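Please open the model in your viewer and keep the selection panel at hand. The tour below moves from one selection to the next and says what is found at each stop.

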Amino acid sequence: MKPAVVDCRVWWIDPAHAPRWCEELLSEPERARAESIHRRAARRRFTTATALLKVAVAVTSGGSPGGVEIRRACPDCRRLHGRPVLAGGAPYVSLSHSGDRVAVALCADAPVGVDVEQVDAGIDVDAMVPFVLGASEQPAFRAVRSRQARVEAFFRCWTRKEAVLKATGDGLRIPMREVTVGTPYGPARLIGFPGRPELPGTTRIVDLRAEPGYLGAVAVLTARPVRVIELDGRDAFAATAERHGGS
Ligand SMILES: CC(C)(COP(=O)(O)OP(=O)(O)OC[C@H]1O[C@@H](n2cnc3c(N)ncnc32)[C@H](O)[C@@H]1OP(=O)(O)O)[C@@H](O)C(=O)NCCC(=O)NCCS
């Protein structure tokens, strides 16, 4: 019998806190992709996220991070990017990186998507609104008078939508404005998704407790209640170092 509640674990880390040896956990193709990323901070985020995903899976399943194979295949160009899927098929995984934050989500029972965004206070939020919010979402947003509150409301909706689009695997192939999540102040929920009327009833969105200056959300494709457990990625690396002699 399936449990009543679906557990979803989200591991957070600042790439500056990831151990040096995390690079050793990357496969050859992953190393090649890391080397192709010119900006140092972005390269570090990719390396940290990939390694954290492997140690998080190992800590959860009791295996070794070296045995965790992540498959990424872009359906458009076949390059090594796109939705991450574990070679064994389970658990479902997702990852996101922005600024100094990396988030990795694991869910044994249902597809998951996670998104973290650094809140960019300087963004021209009013210009972005038509690309991100649907017509039914815009009036509530425009009613927010303070600029700072509008920026936060914008990123709140953004993270919820991107989490859903990652859980479905569509990514930004589906325009964000076509995914409806309603007001940023109410409980997070999916209201509409193009071509899939069943999704609002079978998707849970939970806002994450990201660090100040960041917002995050996770979406799980299930009709059951979801319990999100947020964890410190440093603990996953430390547990791995203890068990497998990383230093
Ligand atoms: C998924 C997507 C919305 C993420 O954008 P982002 O905000 O810049 O980045 P995030 O850090 O939050 O997430 C990146 C991660 O999302 C994951 N991801 C990428 N495509 C995904 C998809 N279709 N579904 C679920 N997850 C996806 C990857 O794990 C990626 O991490 P990686 O770059 O380290 O491999 C965006 O990359 C996208 O829509 N991609 C698909 C469309 C596309 O790129 N088409 C061109 C292909 S040639």
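In what order do the four strands of the open sheet lie? The order is E4-E5-E1-E9, and the pairing is mixed; strands here are DSSP runs of E with at least two residues, helices are runs of H or I with at least four, and both are numbered from the N terminus, while two strands count as paired if DSSP finds at least two bridges between them.

Before going further, note that this is a predicted model, in which local features need pLDDT of at least 70 and side-chain atom pairs count only at pLDDT 80 or more, whereas totals for chains, interfaces and linings use all residues. Residues are numbered from 1 along each chain as its sequence is written.

**The sheet and its helix**

Select 92–98 and 226–232, which are strands E4 and E9, the edge strands, each of them pairing on one side only. From one strand to the next the twist averages 20°, with axes fitted as lines to C-alpha atoms (for helices over the stretch in contact) and angles running from 0 to 180 degrees between N-to-C directions. Add residues 6–13, strand E1, which pairs with E9 in the parallel sense over seven bridges; within this pairing, Trp11 has Leu231 of E9 as its bridge partner. Now show residues 40–61, helix H2, which packs on the sheet and touches E1, E4 and strand E5 (101–107), contact meaning that C-beta atoms placed from the backbone lie within 7 Å. The direction of H2 makes about 30° with that of E5.

**The domains**

Colour domain 1 (14–93 + 232–247) and domain 2 (110–223) separately; these bounds come from an automatic or database domain assignment. Their centres, taken over C-alpha atoms, are separated by 26 Å.

**The ligand**

Which residues come nearest among the 22 around the ligand? They are Arg83, Ser96, Lys166, Gly171 and Leu172, where a residue is near if its C-beta atom, placed from the backbone, lies within 6 Å. H2, E4 and helix H5 (147–168) each give two or more residues to this shell, and E4 supplies the largest share, four residues. Because domain 1 and domain 2 both give residues to the shell, the ligand lies between them.

**The whole chain**

Zoom out to the protein chain, which has six helices and nine strands, and whose C-alpha atoms fill a box of roughly 55 × 45 × 35 Å along the principal axes.

Terms used: Contact = placed C-beta atoms within 7 Å.
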